[in-house]
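Subject: Structure handover

Hi there,

Here is the structure I promised to pass on to you. Please open it next to this message, and then read on at your own pace.

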Amino acid sequence: MQRLKLGGGATGKDIAGRMSDNWIYVQEPGVKVGRLQFFNNWSPYMVANPDYVWIGLEYFCDEGDILWTMDDDTMSSFAIEELHRINVIEADAVLDHVVIRVPKTYPAYFGSYDRFAEVREFTDSLENLYLLGRNGMHRYNNMDHSMLTAMVAVDNIIANKTDKSNIWSVNTEADYHEEK
Ligand SMILES: Cc1cc2nc3c(=O)[nH]c(=O)nc-3n(C[C@H](O)[C@H](O)[C@H](O)COP(=O)(O)OP(=O)(O)OC[C@H]3O[C@@H](n4cnc5c(N)ncnc54)[C@H](O)[C@@H]3O)c2cc1C
């Protein structure tokens with residue numbers, strides 16, 4: 001990975017020339033960061049000031065573990081050091097940072113999950129309740145699946161269809177490939 005040297009004179013506009021990806025999974029050994037997002041490359045409208053580069057670092061962890069319990073300043077320093085070590089930025093180029101902890105990001109397929117059908121049967125019986133998306137359906141839906149469940153639900157509502165099986169059929173294909 002090429003060092004971007006963001007900061008020392010580099011602007012948000014420079015990033016497009018040096019890093020064209022929206023997101024990259026990090027494979028380097030010895031760092032905990034799992035994925036980088038270059039928000040400027042998703043859309044200039046995602047950043048308040050396109051003259052600055054916003055990089056998102058995703059750390060996958062468990063509630064209560066060492067990453068989760070780090071205070072914000074320690075977490076930020078840890079992340080900045082990792083980003084520097086894998087040659088993405090100069091450590092002193094960071095102008096601002098924020099730490100957001102998101103609990104319950106992944107639907108758990110253990111515990112009482114084997115009785116999920118009972119929950120679905122009950123919620124399906126409520127005619128005007130449509131469970132959608134990732135947490136709504138407690139299913140590992142990606143964004144496209146989540147949007148599709150909403151679109152199918154709207155079609156059902158317009159057609160006065162109360163059977164929700166076509167919503168539950170979204171994201172049940174055997175093969176699912178994420179492609180750029
Ligand atoms: C760490 C992580 C990485 C991911 N990576 C990818 C990826 O690379 N590609 C991909 O396609 N998908 C990815 N996803 C999945 C994607 O984010 C979800 O599939 C998608 O956002 C689900 O959309 P949704 O509308 O169901 O829920 P959400 O986007 O979670 O929206 C639900 C909204 O409801 C609001 N809300 C909750 N409770 C209430 C309430 N009581 N009253 C009012 N509002 C409420 C929440 O604040 C939230 O804004 C990732 C998810 C996570 C957590």
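Below is what I found in it, going from the overall make-up to single residues.

First, a word on what you are looking at: this is a predicted model.

**Overall make-up**

The secondary structure of the chain comprises eight helices and three strands. Read from the N terminus, these elements follow the order α-β-β-α-β-α-α-α-α-α-α. The chain has 180 residues, of which 13% count as buried. Among the contacts in the chain with a separation of 6 or more, 46% are made by residues 24 or more positions apart.

**The sheet**

The three strands form an open sheet in the order β1-β2-β3, and the pairing is antiparallel. The edges are taken by β1 (23-25) and β3 (55-58); each has a single partner strand, so one side of each has no neighbour in the sheet. On average, and with direction ignored, neighbouring strands of this sheet are turned by 15° against each other.

If you would like to trace the pairing, start with β1 and β2 (residues 35-38), an antiparallel pair with three bridges. In β2, Leu36 is the residue that stands opposite Ile24. On the other pairing, β2 and β3 also run antiparallel and are joined by four bridges. There, Gln37 has Gly56 in β3 as its bridge partner.

As a general reminder, side chains in a regular strand alternate between the two faces of the sheet. In β2, Leu36 and Phe38 make up the covered face, while Arg35 and Gln37 make up the uncovered one.

**The nonpolar cores**

Both residues of that covered face turn up again in the largest nonpolar core, which has eight residues: Met19, Leu36, Phe38, Leu57, Ala79, Leu83, Val88 and Ile89. Two elements, β2 and α4 (72-85), give two or more residues to this core. Leaving aside residues up to four places away in sequence, Leu36 touches Trp23, Ile24, Val26, Ile55, Gly56 and Leu57.

There is also a second, separate core of six residues, including Leu132, Met137, Ala153 and Val170. Two of these residues, Leu132 and Ala153, are also touched by Ile167, along with Tyr130, Thr149 and Val152, again not counting residues up to four places away in sequence. Ile167 belongs to helix α8. With 21 other C-beta atoms within 10 Å, Ile167 is buried. Between Ile167 and Met137 there are 9.5 Å from C-alpha to C-alpha, and the two are 30 residues apart in sequence.

**Around the ligand**

Which residues surround the ligand? They are Glu58, Val102, Thr105, Gly133, Arg134, Asn135, Gly136, Asn141, Asn142, Met143, Asp144 and Ser146. The elements giving two or more residues to this shell are α6 (133-137) and α7 (143-158). With four residues, α6 supplies the largest share. Sorted by class, the shell holds seven polar, three charged and two nonpolar residues.

**Some loop residues to look at**

Three residues in loops may be worth a moment of your time.

- Met70 is in the loop between α3 (66-69) and α4. Met70 has 18 C-beta neighbours inside 10 Å and therefore counts as partly exposed. Its contacts, not counting residues up to four places away in sequence, are Met75 and Phe78.
- Lys104 lies in the loop between α4 and α5 (116-124). Although Lys104 is not a glycine, its phi is positive, at about 55°. Lys104 is exposed, with 8 other C-beta atoms within 10 Å.
- Asn160 sits in the loop between α7 and α8 (165-168). Here, too, phi is positive in a residue other than glycine, with a value near 55°. Asn160 has 7 other C-beta atoms within 10 Å and is exposed.

If you want a route through the model, you could begin at Leu36, which is part of the largest nonpolar core, then go to Ile167 in helix α8, and finish at the shell around the ligand, where α6 has the largest share.

Enjoy looking around, and do write back with any thoughts.

Best wishes

Technical notes
Residues numbered from 1 in each chain as written. Predicted model: local features only at pLDDT ≥ 70, side-chain atom pairs only at ≥ 80, totals over all residues. Near = placed C-beta within 6 Å. Nonpolar A, V, L, I, M, F, W, Y, C, P; charged D, E, K, R; others polar. Pairing = 2+ DSSP bridges. Axes fitted to C-alpha atoms, helices over the stretch in contact; angles between N-to-C directions. Buried ≥ 20, exposed ≤ 12 C-beta atoms within 10 Å, placed from the backbone. Core = buried A, V, L, I, M, F, W, Y, C linked by C-beta atoms within 7 Å. Contact = placed C-beta atoms within 7 Å.
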